Amino acid sequence: MGESSPASAPLPIGLLADNPNFPAAWDQVVEKVKLADQLGYDSVWIGEAWGYDVFTSLADLVRVTKRIKLGTGIANVFSRSPGVIASTIATLDERSGGRMLLGLGSSGANVIEHWHGVPFEKPLRRLREYTEMINMILRREKLIYSGELFHLERGFKLQFTPLRSHIPVYIAAITPKSLEQSGEIADGVLPVYWPQDRFPALRQMLDAASARVGRPARATRIAPYFTSALITDEGQRAAARHKAREPIAWYIGRMGVFYAEMLARNGFPEEVEAVKRGWQTGPKTALEGVSDTLLDATALVGTPEEVAEKLKELQQLGVEEPILSLPPGNPDQAGEALAALMRAARA
């Protein structure tokens, strides 16, 4: 990874495809991704919780796309072994011609323990050991590994030669310890709802961690998820902003403590408390706790020209691979929005 300025090249734009765990016609998702591929978007990511399998969904996309990168956003490190993840991502990488990105994360205790039935223990250490073992497997080294959690002694080696000896690993990280570890071991981080004015501090944190282990600056790329909405006339703005508050309020009040703690650390303690109090009454009151300042710091809502301009500002702050929401609607509607944003971004 070079030392040139992060703003020296056009900003690659990624997309988070409609999560197939929520209502979405999969054939329409596929058509939208095909359009994004044709329009020049950089990557598309698929999530996973307790619904459709992420790797099967990515296999569908491999067959209908030609150049766009495809990522797990994210695969957790408790429900599949390192060997299974490594062989699966290497298989997809071969079939895609080298276009896969491996997003890893810990998920949370509720999902891991009450869906997968696995103790949610030492998630940070598990992320480190998975990353190290997956990298070993892709290099076709003998898998002899002595860690804190895993002890493998028989020296198995992947039975086929992967198309690439290294597939980029991106880690879903927002806590200080996880971000520091990611700066040591990962090719990228996938923060969610990270306040935009705090990206320079995130860059410094990652680079300091990389330097401690002898890695160069910007060894770990910043690829944040943004809730986004592209509007075509002013009459849509208020409704779009209101809807964009929904996932922020949900993550603060219904997705454990990590997102609330991250936002409180980064300048929004009052909003976090307001959202939490709001959930005691219901979703409507929780949304009211998401101030305009918090919304503007964590989401991208505006015309294609406004969003493109904001992306250029974020690039100056250290964002290297922003990931936006795949536009709603049918493929024709989404395609028009995607084309408009790409035109604005290239202007």
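Trainee: How do you know that helix H1 (residues 26-39) spans what its 14 residues should?
Mentor: Set the expected span against the end-to-end distance. At 1.5 Å a residue, helix H1 should span 20 Å, and its end C-alpha atoms are 20 Å apart, so the two agree. Bear in mind that this is a predicted model.

Trainee: Which residues of H1 are buried?
Mentor: Val29, Val30, Lys32, Val33, Ala36 and Asp37.

Trainee: What makes you place them on the same side of H1?
Mentor: Their arc around the axis. It covers only 165 degrees, so these residues sit on the same side of H1. The face turned away from that buried side carries the exposed residues Asp27 and Gln38.

Trainee: What do the buried residues of H1 pack against?
Mentor: Two strands and two helices: strand E1 (14-16), strand E2 (43-46), helix H2 (54-64) and helix H14 (331-346).

Trainee: What follows H1?
Mentor: Gly40. Its phi is positive, near 100 degrees.

Trainee: On to salt bridges. Why is the pair Arg221 and Glu321 called one?
Mentor: The N to O distance is 2.4 Å. The cut-off is 4 Å, so the pair qualifies. Arg221 lies in strand E10 (residues 221-222) and Glu321 in the loop between H13 and strand E13 (323-325), so the pair ties together parts that are 100 residues apart in sequence.

Trainee: Is Glu321 buried or exposed?
Mentor: Buried. Its relative accessibility is 9%, and buried means under 20%, so Glu321 counts as buried. Glu321 also belongs to a network of salt bridges with Arg203, Asp207, Arg221 and Glu320.

Trainee: What makes Asp296 and Arg241 a salt bridge?
Mentor: Their closest N and O atoms are 2.9 Å apart. That is within 4 Å, so the pair counts. Asp296 is in helix H12 (residues 292-298) and Arg241 in helix H8 (residues 237-254), 55 residues apart.

Trainee: How far apart are the closest N and O atoms of Lys276 and Glu273?
Mentor: 3.9 Å. The limit is 4 Å, so this pair is a salt bridge too. Both residues lie in helix H10 (residues 269-279), three residues apart, about one turn of the helix.

Trainee: Why is Lys276 called partly exposed?
Mentor: Lys276 has 37% relative accessibility, which falls between the 20% and 50% cut-offs, so partly exposed is the right label. Glu273 gets that label at 38%.

Trainee: How many salt bridges does a search of the whole structure find?
Mentor: It finds 26.

Trainee: Last topic, two loop residues. Why is Thr303 called buried?
Mentor: Its relative accessibility is 19%, and the cut-off is under 20%, so Thr303 counts as buried. Thr303 is in the loop between strand E12 (299-302) and helix H13 (304-317). Beyond its sequence neighbours within four places, Thr303 contacts Ile231 and Arg237.

Trainee: And why is His116 called partly exposed?
Mentor: His116 has 26% relative accessibility, between the 20% and 50% limits, so it is partly exposed. His116 lies in the loop between helix H4 (109-114) and helix H5 (123-138). Apart from neighbours within four places in sequence, His116 is in contact with Ala49, Asn76, Ser79 and Val111.

Trainee: How far is each from Phe78, C-alpha to C-alpha?
Mentor: His116 and Phe78 are 8.0 Å apart, with their places 38 residues apart in sequence. Thr303 and Phe78 are separated by 40 Å and are 225 residues apart along the chain.

Definitions and conventions. Residues are numbered from 1 along each chain as its sequence is written. This is a predicted model: local features need pLDDT of at least 70, side-chain atom pairs count only at pLDDT 80 or more; totals for chains, interfaces and linings use all residues. Side-chain values use heavy atoms; hydrogens and water are left out. Helices (H or I, at least four residues) and strands (E, at least two) are DSSP runs, numbered from the N terminus. Buried means under 20% relative accessible area, exposed over 50%, partly exposed in between (1.4 Å probe, protein chains only). Contact means heavy atoms within 4.5 Å. A salt bridge is a side-chain nitrogen of Lys or Arg within 4 Å of a carboxyl oxygen of Asp or Glu. The expected span of a helix is 1.5 Å times one less than its number of residues. The arc is that of the directions from the helix axis to the C-beta atoms.
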